[in-house]
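Dear colleague,

I am handing over the structure we spoke about, and you will find the sequence and the coordinates just below. My notes on what was found follow after that.

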Amino acid sequence: MSMTESETSTLTYGRGHSALLRPELGRGAPVLTQIKHPPPAPGELICRTLVAGVCGTDLQIFSGTRGETAQVLGHEGLGVVETVGLPADKPLIGKRIAVNPTDAKTGAEFGHSINGMMQELFVVPQRLRHLVLDVPAELDAELAILAEPLASVLAFATIVRSVSRPRRIALFGRGTIAHLIRLVAQDLFPSVKDVVVISRGDSQSYEPQGFDLSVMCSSIDAADWAANLSVEALSDGGVLYLFGGLPPGLLLPSLAYSDIGSLRARNTGGELGNKPTETLQHVKDGRVIVLAGHRGASNTLLLEAMQRITRSAEHFRPLVNQVVHPREAERLLKNAFEGLSTRQWTKLGIDFRRSKK
Ligand SMILES: [Zn+2]
């Protein structure tokens, strides 16, 4: 998707607020830059970012493996409404809000194709107003960056429960999604006895045909590895779940199915398509494998995620192990991008409250 005229024209350089701006050609770590938005147009909200999260998708966009075109990323986190374009919206001023990044109807993605929260002030365009949600007053701003990935985990659970009661789950990948699924698995699937995390460097717990739910939640560059093992990990009748972004043209070994993108697209924004899963047969050994996947979550699930995190803050806190100043985030992202240091964080938070001099 390419950026529209109106989106590029909303940003100008100059003394306004600091933003982690992507380099001109789209590939590379963001640079902390002063930019300006015009005053809000009717229906727009301008919000002050509290904390914005960085997720695996963002890192893939920085590294050029995905084509999203927003100049400022950031789809996780929360802000406070500061200025509004219409007098009727004045009651919103001062409210803490989050934006559901995935619009089930238009596919627009706040923080991917539309400028997001990795900046001190962000704009909610009028056409995204139906995706604006109140953040519970008791929700810790740092933990709020987990709400969007947790909502996506809730969407995953809804789809899996429509076809299966998993007992043994294998998670391929060790990012935030794998950690979150492990934290809430017992709660979401009462049938679960065992959850194992399998990563490229550590496949000790891997067992061929030992699981009834395989979840591909690795980074894009590990997707081929994850696809191979996750198919082979399943017992007859097991569910293969495609969680998160996949490289274009990815084929699942020994499963004659190439329409992965449309399977995920029909379960967008928490909507279950009229056929949310596909039943396939392994071409070599005849096992039946149920394929499932989704993109994003609904407003309802995002609210539910915020409530769960509010209720069990201490349960989720260990996942947010690094919340830093925007200047430090710029350095960490540059290092991660240039491979200068091994990433120390699972979920990085950028605290824009600290950017005030
Ligand atoms: Zn994300």
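How many residues does helix H4 have, and how far does helix H4 reach from its first C-alpha to its last? Please keep in mind throughout that this is a predicted model. Helix H4, residues 176-188, has 13 residues and reaches 17 Å between its first and last C-alpha, which is close to the 18 Å expected at 1.5 Å a residue. H4 nevertheless has a kink of about 35°, centred on Arg-182. The buried residues of H4 are Thr-176, Ile-177, Ala-178, His-179, Leu-180 and Ile-181, and the buried residues of this helix pack against helix H3 (147-161) as well as strands S8 (168-172), S9 (194-198) and S10 (211-216).

On the division into domains, the protein chain is split into domain 1, which takes in 5-142 + 320-355, and domain 2, which covers 154-293. The centres of domain 1 and domain 2, taken over C-alpha atoms, are separated by 30 Å, and 12 residues of domain 1 are in contact with 11 residues of domain 2. By class, the side of domain 1 that touches domain 2 has two nonpolar, seven polar and three charged residues.

Turning to the interior, the largest nonpolar core has 98 residues, and those with the most contacts inside this core are Ala-144, Ala-147, Leu-171, Val-215, Met-216 and Tyr-241. Helix H3 provides the largest share of the core, namely nine residues. Because domain 1 and domain 2 both give residues to this core, the core lies between them. For Ala-144, leaving out residues up to four places away in sequence, the residues touched are Val-51, Gly-77, Leu-78, Ala-98, Val-135, Leu-139 and Met-306. As general background, nonpolar side chains tend to be buried together in soluble globular proteins.

One further residue that I looked at is Arg-66, which is placed in the loop between helix H2 (56-62) and strand S4 (76-84). Is Arg-66 buried, exposed or partly exposed? Arg-66 counts as partly exposed, because Arg-66 has 18 C-beta neighbours inside 10 Å, whereas 20 or more would be needed for a residue to be buried and 12 or fewer for a residue to be exposed. Not counting residues up to four places away in sequence, Arg-66 touches Gln-60, Ile-61 and Gly-245. Arg-66 and Pro-248 are 182 residues apart in sequence, yet the C-alpha to C-alpha separation of these two residues in space is 9.5 Å.

With best regards

Methods
Residues numbered from 1 in each chain as written. Predicted model: local features only at pLDDT ≥ 70, side-chain atom pairs only at ≥ 80, totals over all residues. Helix = DSSP H or I, 4+ residues; strand = E, 2+ residues; numbered from the N terminus. Expected span 1.5 Å × (residues − 1). Bend = angle between axes of the 7 residues up to and from the residue. Contact = placed C-beta atoms within 7 Å. Domains from an automatic or database assignment. Nonpolar A, V, L, I, M, F, W, Y, C, P; charged D, E, K, R; others polar. Core = buried A, V, L, I, M, F, W, Y, C linked by C-beta atoms within 7 Å.
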